[in-house]
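Student: I have just opened this structure and would like to get to know it. Could you walk me through it, one question at a time?

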Amino acid sequence: MKHFPTKKACILFLFFVLLCRFLYPHTRFGYEDKWSTGFHGRLNIESATLKPGDRITVKVVGIKKMATYSTSDFRIASVTPLGTVYAIRSGTAIISVRQGESVYKCRITVDG
């Protein structure tokens, strides 16, 4: 005979999940490290000059949340979903990092 959770156990589990979500709605999975409370974040790199073929990683410092990355010109610099920027050819591109309601920008100049 298989053992199935009781109705009471299912309701308690659902209540616990909803309670956690309501207590921590501003963070992904309810996690925020102790150093980021009240901190608005910044990028680890504000601007950089690279040679074609070089790469760097851009990320928001201090806040552990999902971020999306985009580039103003993919022919000059491309960016991966994890924030790795690849220099492709000469020019300037702006890397935008969106994290929740905040948008951070980093200027990438490619010389060469």
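**Getting to know the fold**

Tutor: Gladly! A search of the whole structure turns up one salt bridge, and we will come back to that pair later. Keep in mind that this is a predicted model.

Student: Thanks! How many helices and strands does the protein chain have?
Tutor: Reading along the sequence, the pattern is α-β-β-β-β-β-β-β-β-β. Counting the elements in the protein chain gives one helix and nine strands.

Student: What share of the residues in the protein chain is buried?
Tutor: A residue is called buried when its relative accessible area is under 20%. The protein chain has 112 residues, and the buried share of them is 28%.

Student: And how much accessible surface does the protein chain have, and what part belongs to carbon and sulfur atoms?
Tutor: The accessible surface adds up to about 8500 Å². The part that belongs to carbon and sulfur atoms is 62%.

Student: Which residues make the nonpolar surface patch?
Tutor: One member, Phe-16, sits in helix α1, which spans residues 7-23. The patch covers about 320 Å². Its makers are Phe-13, Phe-16 and Val-17.

Student: Let's look at the sheets. Which strands stand at the edges of the three-stranded one?
Tutor: This open sheet has antiparallel pairing and the order β3-β7-β6. Each edge strand has a single partner, so one side of each is left without a neighbour in the sheet. Those edge strands are β3 (55-57) and β6 (77-79).

Student: What is the average twist there from one strand to the next?
Tutor: Stay with the order β3-β7-β6. Going from one strand to the next, the twist averages 20°.

Student: Which residue in β7 is the bridge partner of Ile-56?
Tutor: β3 and β7 (residues 84-87) pair in the antiparallel sense, with three bridges. Within that pairing, look across from Ile-56 into β7, and you find Val-85.

Student: Which strands stand at the edges of the four-stranded sheet?
Tutor: This second open sheet has mixed pairing and follows the order β2-β9-β8-β5. A strand at the edge has a single partner strand, so one of its sides has no neighbour in the sheet. Here the edge strands are β2 (47-50) and β5 (68-71).

Student: How many bridges join β8 to β9?
Tutor: β8 takes in residues 91-99 and β9 takes in residues 102-110. The two run antiparallel, and the number of bridges joining them is nine.

Student: Which residue takes a positive phi in the hairpin of β8 and β9?
Tutor: Two residues lie between the strands of this hairpin. The phi in question is near 65°, and the residue that takes it is Gly-100.

Student: Is Gln-99 buried or exposed?
Tutor: Gln-99 has its place in strand β8, and its bridge partner in β9 is Ser-102. Setting aside neighbours within four places in sequence, its contacts include Val-60, Ile-63, Met-66 and Tyr-104. With a relative accessibility of 5%, against a cut-off of under 20%, Gln-99 counts as buried.

Student: On the other side of β8, which residue is the bridge partner of Tyr-69?
Tutor: β5 and β8 pair in the antiparallel sense, and four bridges connect them. Following the bridge from Tyr-69 into β8 leads to Val-97.

Student: Back to the salt bridge: which side chains meet in it?
Tutor: Side chains of opposite charge can pair when their charged atoms come close. In this salt bridge the N to O distance is 3.1 Å. The two partners are Asp-73 and Arg-75.

Student: Why does Asp-73 count as buried, while Arg-75 counts as partly exposed?
Tutor: Buried means under 20% relative accessible area, and partly exposed lies between that and 50%. Asp-73 counts as buried because its relative accessibility is 16%. Arg-75 counts as partly exposed because its value is 47%.

Student: Finally, how far apart in space are Arg-75 and Ala-93?
Tutor: Arg-75 lies in the loop between β5 and β6. Not counting residues up to four places away in sequence, Arg-75 touches Ile-88 and Arg-89. Arg-75 and Ala-93 are 18 residues apart in sequence, and their C-alpha to C-alpha distance is 8.9 Å.

Methods. Residues are numbered from 1 along each chain as its sequence is written. This is a predicted model: local features need pLDDT of at least 70, side-chain atom pairs count only at pLDDT 80 or more; totals for chains, interfaces and linings use all residues. Side-chain values use heavy atoms; hydrogens and water are left out. Two strands pair if DSSP finds at least two bridges between them. Axes are lines fitted to C-alpha atoms, for helices over the stretch in contact, and angles run from 0 to 180 degrees between N-to-C directions. Buried means under 20% relative accessible area, exposed over 50%, partly exposed in between (1.4 Å probe, protein chains only). Contact means heavy atoms within 4.5 Å. Accessible areas come from the Shrake-Rupley method with a 1.4 Å probe; for residues, only the protein chains shown count as cover. Patches are made of residues with over 30% relative accessible area and no salt bridge: like charges are joined within 9 Å, nonpolar side chains (Val, Leu, Ile, Met, Phe, Trp, Tyr) within 5 Å. A salt bridge is a side-chain nitrogen of Lys or Arg within 4 Å of a carboxyl oxygen of Asp or Glu.
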